[in-house]
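Colleague: I'm new to reading structures, so could we go through this one together? I'd like to start with the whole chain and then look at how helices pack.

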Amino acid sequence: MQPRNMSMSGVVDLAAVKAAQEAKTKAEQARAEAARQGGGGAVSPADLVMNVDEAGFERDVLQRSTEVPVVIDFWAEWCEPCKQLSPVLERLALEYSGRFVLAKVDVDANQMLMQQFGIQGIPAVFAVVAGQALPLFQGAAGEAQIRQTLDQLVQVAEQRFGLTGLTVDPDAEAGAAPAAAPAPAGPYDALLEAAVQALDAGDFGGAVQAYKNVLSDDPGNSEARLGLAQAELLQRVQSLDAQQVRKDAAEKPSDAQAQIAAADLDLVGGHVEDAFGRLIDTVRRTVGDDRDTVRLRLLELFDVVGAEDPRVTTARRALARALF
């Protein structure tokens, strides 16, 4: 695939001058607030490259873009050109020493972001500056072209938005692991145990609420996230008439709700591949809101099974092919 959109010359046309000024003002206010709260200090070279998912996108990309341009590398494990481009971008992020940060997005695991950015193929590289998205290029590109694009991005960010980048601690070891985040408030053992007991008693609504209570304080709690997905699934199928659901699914192959209900029953019955395959096939047959509803349910079922399960990995790839 040939690179395109390499020039930043059209950036000014992407937003009106008034919108740019408003974005600049918001960026300045955000930087002032960060400074007031003690933020804005030197960062480690390891902080210049990060893996970003849908859950952390607002924090890691949108909010960070009020301090420094964020370059987004949309990639996938199966994408050979990505394996050539990504190391170059990572090396340049370190070399530019805080003038931009690199956010790596795995499209197989974050297809909503891929859809929101209107990406038709990967690798694809965007930037977000003061909350505004700018397309940089798609496909493989030479290092000289990439440097030229990054130089233009840095210039635009500084001149139009007043973003001068981050200060990098020269004494920090490049590639070192970032400092561990503080442990979340807790403990959650009692809440998690209450959720398990509610599940055992068939009180799926109670289990859902207990898991949500944990996640409200600790959104990254993997045990609570997995438990919530399972509890919500059991709650959905509790009142289903299995025979009628199967009949409707057989008679209405393009009916999103009929296929979603049948997929829920498939998964509860242990037929994981059947549930995934049913919804992927439905994605291919539907459009618009129905298609997005099916896709979102499939992502929920991925959470039920667990991201590390190889069946989820395989289904994510199949979903990407179905969508694009």
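Modeller: Sure, and one term comes up right away: contact means heavy atoms within 4.5 Å. Keep in mind, too, that this is a predicted model.

Colleague: Okay, so among contacts between residues at least 6 apart in sequence, what share join residues at least 24 apart?

Modeller: Here we leave out pairs that sit fewer than 6 apart along the sequence. Of the contacts that remain, the share joining residues at least 24 apart is 71%.

Colleague: And what is the protein built from, in helices and strands?

Modeller: Let's take the chain as a whole, all 324 residues of it, of which 43% count as buried. Its elements are five strands and 13 helices.

Colleague: How are α6 and α7 oriented relative to each other, roughly parallel or roughly antiparallel?

Modeller: Look at residues 189–200 for α6 and 204–217 for α7: their axes come within 7 Å and cross at roughly 165°. Angles over 145 degrees count as roughly antiparallel. So the pair is roughly antiparallel.

Colleague: Which class of residue is missing from the contact of α6 with α7?

Modeller: On the α6 side you'll find residues including L191, L192 and A195, and they meet a set in α7 that includes F204, A207 and Y211. Counting by class gives eleven nonpolar and two polar residues. The class with no residues there is charged.

Colleague: What about α8 and α10, at what angle do they pack?

Modeller: α8 covers residues 222–237 and α10 covers 256–268. The contact is made by L233, L234, R236 and V237 of α8 with D264, L265, L267 and V268 of α10, and six of these residues are nonpolar and two charged. The axes lie 10 Å apart, and the angle is about 120°.

Colleague: Then there's α11 with α12. Why do we call them roughly antiparallel?

Modeller: α11 is residues 272–285 and α12 is residues 288–305, and their axes come within 9 Å. The cut-off for this label is an angle over 145 degrees. α11 and α12 are therefore roughly antiparallel, with a crossing angle of roughly 160°.

Colleague: How many charged residues are in the contact of α11 with α12?

Modeller: From α11, residues such as F276, L279 and V283 take part, and they meet residues of α12 including R291, R295 and R297. By class, eleven residues are nonpolar and one is polar. The charged ones number three.

Colleague: Last one: which hand does the crossing of α11 and α12 have, left or right?

Modeller: The crossing of α6 and α7 is left-handed, and α8 passes α10 in a left-handed crossing. For α11 passing α12, the crossing is left-handed.

Methods
Residues are numbered from 1 along each chain as its sequence is written. This is a predicted model: local features need pLDDT of at least 70, side-chain atom pairs count only at pLDDT 80 or more; totals for chains, interfaces and linings use all residues. Side-chain values use heavy atoms; hydrogens and water are left out. Axes are lines fitted to C-alpha atoms, for helices over the stretch in contact, and angles run from 0 to 180 degrees between N-to-C directions. Helices (H or I, at least four residues) and strands (E, at least two) are DSSP runs, numbered from the N terminus. Angles under 35 degrees count as roughly parallel, over 145 as roughly antiparallel, 65 to 115 as roughly perpendicular and the rest as oblique. A crossing is left-handed if the near helix is turned anticlockwise from the far one by less than a right angle, and right-handed if clockwise. Ala, Val, Leu, Ile, Met, Phe, Trp, Tyr, Cys and Pro count as nonpolar, Asp, Glu, Lys and Arg as charged, and the others, Gly among them, as polar. Buried means under 20% relative accessible area, exposed over 50%, partly exposed in between (1.4 Å probe, protein chains only).
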